Amino acid sequence: MRRPEFLIACAIVLFGTVPAPAQSYPSKPIRIVVPFVAGGAVDLLARIMAQKLNESLGQPVIIENRPGAGGNVAADLVAKSPPDGYTIFQTTNGLAISPALYRKLPFDPVKDLVPVTQLVASQLLLVATPSLPAKTTRELIALAKAKPGTLNYGMTGVGNPLHLTMEMLMHAGGVKFQPIPYRGDAPLNTALIAGEVHLAVVPFATARSNIESGKLRGLGIAGPKRSPALPDVPTIAESGVPGFESGSWQGWFVPAGTPPEVIALIQREAAKALKMPDVRARMAATANEVVGSTPAEFTIRYKADLARFAKVVKDAGIPQQD
């Protein structure tokens, strides 16, 4: 056998079992679609991950912010994108809420999107503008009962995890706050600091610095335990609403039909990035627990949340949206 033929034969033996998509992927820029405006907790993590993927894969990773309809505008965009691994959807467990909340969706949250990995589990915070007399969740509930109809709260979308957590709190505490909509975490935090709105449930990542500086008051952590990053802020459960627990996650999805080997590669790269010391340090600072689960593990979590949030929406009496 001549040398060129020998080299070709060796290449076939060595690489012939590797699926073609995985060999060539990625060969062009990747986009991560975020369903919220820039500056929020999801956008911040997406930019961290984009930088790490750019370094490891050698291709530009572009963030595309597509807010609207509680994340459904972005979800529909991704669901209808080519299933080639070049469009990744980074979202929250709000995606698991949409089927219970909307009468009709332009995409199927189970059939049209494939779970890739849960990136992090996120803490949520109940915060107040500093001028509010209530300094604890217990005092807040007492104030709301003493002056019904006088308190409001900021929200960044009907049916997202932040909104549902507030609905759960109102249901458990037997109180009602008036909702005021904002387009994202950043404008909501600005309104809270200025006293334009009394309360909100917000991501830990975007609230911590404002609480530490005294610009916002932390009333309670929605999760099951206090955070070492804000040890003086009690849980909602220990400060007025026993048994209360709510949280969020961020994860990646791709269009259905994306080759399994490409999904596996994306998951491996995400898990590798999340293990890096600088990323872990940034996640710890914002009370995000690093996960990096497999597609199979994330699928189980996602389907469980679909069922759980259907019950929460029903119990809260939230009317279905058009």
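## Asn288 and its surroundings

Asn288 sits in strand S11, strands being DSSP E runs of at least two residues and helices H or I runs of at least four, both numbered from the N terminus. In this predicted model, local features need pLDDT of at least 70 and side-chain atom pairs count only at pLDDT 80 or more, while totals for chains, interfaces and linings use all residues. Residue numbers start from 1 along each chain as its sequence is written, and side-chain values use heavy atoms, with hydrogens and water left out.

Asn288 counts as buried because its relative accessible area is 11%; the cut-offs are under 20% for buried and over 50% for exposed, with partly exposed in between (1.4 Å probe, protein chains only). Leaving out residues up to four places away in sequence, Asn288 touches Val120, Ala121, Ser122, Ala205 and Met283, where contact means heavy atoms within 4.5 Å.

## The sheet

Strand S11 (288-290) is one of the edge strands of an open sheet and S2 (61-65) is the other, each pairing on one side only. The sheet has six strands in the order S2-S1-S3-S10-S4-S11, with mixed pairing; two strands pair if DSSP finds at least two bridges between them. On average, neighbouring strands are turned by 30 degrees against each other, direction ignored.

Over at S2, strand S1 (residues 30-34) runs parallel to its partner, with five bridges joining the two. Ile30 stands opposite Val61 in S2. Helix H12 (residues 295-316) lies across S4 (113-122) and S10 (248-255), at about 80 degrees to S4. Axes here are lines fitted to C-alpha atoms, for helices over the stretch in contact, and angles run from 0 to 180 degrees between N-to-C directions.

## Pocket and cavities

The largest pocket has a volume of about 540 Å³. Its lining has 22 residues, with Ala121, Ser122, Gln123, Pro224 and Glu289 nearest the centre. S4, S11 and H12 each give two or more residues to that lining, and S4 gives the most, with three.

There are also four cavities of 30 Å³ or more, the largest holding about 270 Å³ of space. On a 1 Å grid over the protein atoms alone, a cavity is a set of points where a 1.4 Å probe fits but cannot get out; a pocket is an open set with protein on both sides within 12 Å along at least five of seven lines, and lining residues have an atom within 4 Å of a point.

Key. Points joined across faces, edges and corners; volume = space filled by probe spheres on them.
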